[in-house]
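User: Please give a close reading of one part of this predicted model. I should like that part described in detail and then placed in its wider setting.

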Amino acid sequence: MSSQSTELTPRMAIYEQFHQISRWGDTFNADVSPSTGSSTIVQVDARLENKAEYISCEQVEHSRNDQETNKPAYKIQRRLAQNREAARKSRLKKKVYVQQLESSRLKLAQLEQEIERTRQQGIYISSASDTGYFGLSATVNPGITAFEKEYGYWVEEQNKQICELRSALQAHITDVELCILVESGLNHYRNLFRMKADAAKADVVYLISGIWRTSAERFFHWIGGFCPSELLNVVMSQIEPLTDQQHLEVCNLRQFSQQAEDALSQGIDKLQQDLGQSVAADFSSGNYRAQVASAIDKLEALEGFVNQADHLRQQTLQQMARILTTRQAARGLLALGEYFHRLRALSSLCSARPL
């Protein structure tokens, strides 16, 4: 009996220790339940993740700022240069577009002038198709036809030169480049005087009548062209201010031109009177051939007056270019070209006006 109690005592002690450990496990499991433990762990993990994301965004932003700050200076300069180049190309495109619009406007005015010249040429041909008093059948003069064609090309080229001069003055090119344009403009007027000399040989009365010009231009017509003193009035108003020396030389040039104009006007008035008397003479007196020869001689003298008037125009242009600076001369040629262009445009508007 005593031996059995002695054997049970160690066993009970082991059981009680095991039971105590079991209760500790239950208590631990009760305190740390799956619902509370997992949520707590999830919340902690979420906060850690958010904090990690915030820290990573901060690091990226700081790194970008550091990259911008530490960007080499040459890259910044290159970016600025690229921006400037893009702006320059944009300005050039705009300038080309404006020039295209101006060219289209000039082409339209040229077409209107072509219509006006064709109409005037039709009048000339219809008048030339009549039979003259002396029984000679009149025909179209090939010299005049060639002149009208050449003059059409001359006007077209003048419109191009106007655009070039305007663009050059706006672009502020060098005086050397501007001098080339000025000389080209003066040569262009020399070509006109050469064409007119050939036309005067073909039919001086046609040339001096101004029928080859528009109606508004004919209003200011003087011996086959423009009046040199009026040319000075148009140009000088566009190139002021002038120096005292320039002003003195311009006044002398205007005075010389007016005196030469008066002399030519008086001479052509006397020639017109003599020609009228020759045509109105009595042919029944038997001096028919002599009187016709006298009338032809007077027409040839009329050709000389036209050539002298063109020579005066050419000398006035050359002296004007000599007195003025290169830039002033360019502005003067531009003003002269635009003056004639506006007269032609005015004629087109008048002819297109409804009745």
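The request and the reply below concern one loop and its surroundings. Where is His221 found, is this residue buried or exposed, and with which side chain does the side chain of His221 make a polar contact?

Analyst: The model is predicted, and every value below is computed from it. As a frame for the loop, the secondary structure of the protein amounts to 10 helices and 0 strands, so the reading along the sequence is α-α-α-α-α-α-α-α-α-α. Of the 355 residues in the protein, 31% are buried.

His221 sits in the loop that runs between helix 6 (215-219) and helix 7. The relative accessibility of His221 is 18%, and because the cut-off for a buried residue is under 20%, His221 counts as buried. Its side chain makes a polar contact with the side chain of Arg213, at 3.1 Å. A polar atom of the His221 side chain also lies 3.2 Å from the backbone oxygen of Ile208. Ser209 provides a further reference point: Ser209 and His221 are separated by 12 residues in sequence, while their C-alpha atoms are 8.4 Å apart in space.

The loop between helix 6 and helix 7 also holds Ile223. Which sign does the phi of Ile223 have? Although Ile223 is not a glycine, its phi is positive, at about 45°. Most residues other than glycine have a negative phi. The relative accessible area of Ile223 is 8%, so Ile223 is buried as well.

On the far side of the loop comes helix 7, which covers residues 228-239. Helix 7 has 12 residues, and the distance from its first C-alpha to its last is 17 Å, close to the expected 16 Å at 1.5 Å a residue. Its buried residues are Pro228, Ser229, Leu231, Leu232, Val234, Val235, Met236 and Ile239. For reading such a list, it helps that an α-helix has 3.6 residues a turn, so residues three or four places apart point the same way. Beyond helix 7, Pro241 is found in the loop that leads to helix 8 (244-279). The peptide bond joining Glu240 and Pro241 is cis, with omega of about 10°. Most peptide bonds are trans.

On the other side of the setting is helix 5, which spans residues 175-209. Helix 5 packs with helix 4 (residues 142-171) at an angle of about 160°, and the two axes are 10 Å apart. Angles over 145 degrees count as roughly antiparallel, and helix 4 and helix 5 are therefore roughly antiparallel to each other. Helix 4 passes helix 5 in a left-handed crossing. The residues of this contact between helix 4 and helix 5 comprise 16 nonpolar, 6 polar and 7 charged.

The loop between helix 4 and helix 5 contains His172. His172 is not a glycine, yet its phi is positive, at about 55°. With 64% relative accessibility, His172 counts as exposed, whereas Ile223 is buried.

Helix 5 also packs with helix 10 (residues 326-352), here at an angle of about 40° and with the axes 9 Å apart. Helix 5 and helix 10 are therefore oblique to each other. Their crossing is left-handed.

One further pair of buried residues belongs to helix 9 (residues 288-323), where Arg313 lies. Asp310 has its place in helix 9 too. The side chains of Arg313 and Asp310 make a polar contact at 2.4 Å. Arg313 is buried, its relative accessible area being 0%, and Asp310 is buried with a relative accessible area of 4%. Asp310 can also be related to Cys227: these two residues are 83 apart in sequence, but their C-alpha atoms are 9.6 Å apart in space.

To return to the request, His221 is a buried residue in the loop between helix 6 and helix 7, and its side chain makes a polar contact with the side chain of Arg213.

Key:
Residues numbered from 1 in each chain as written. Predicted model: local features only at pLDDT ≥ 70, side-chain atom pairs only at ≥ 80, totals over all residues. Heavy atoms only, no water. Helix = DSSP H or I, 4+ residues; strand = E, 2+ residues; numbered from the N terminus. Expected span 1.5 Å × (residues − 1). Buried < 20%, exposed > 50% of the residue type's maximum accessible area, 1.4 Å probe, protein only. Axes fitted to C-alpha atoms, helices over the stretch in contact; angles between N-to-C directions. Parallel < 35°, antiparallel > 145°, perpendicular 65-115°, else oblique. Left-handed = near helix turned anticlockwise from the far one by under 90°. Nonpolar A, V, L, I, M, F, W, Y, C, P; charged D, E, K, R; others polar. Polar contact = N/O pair within 3.5 Å; in protein donor to acceptor, adjacent residues only side chain to side chain.
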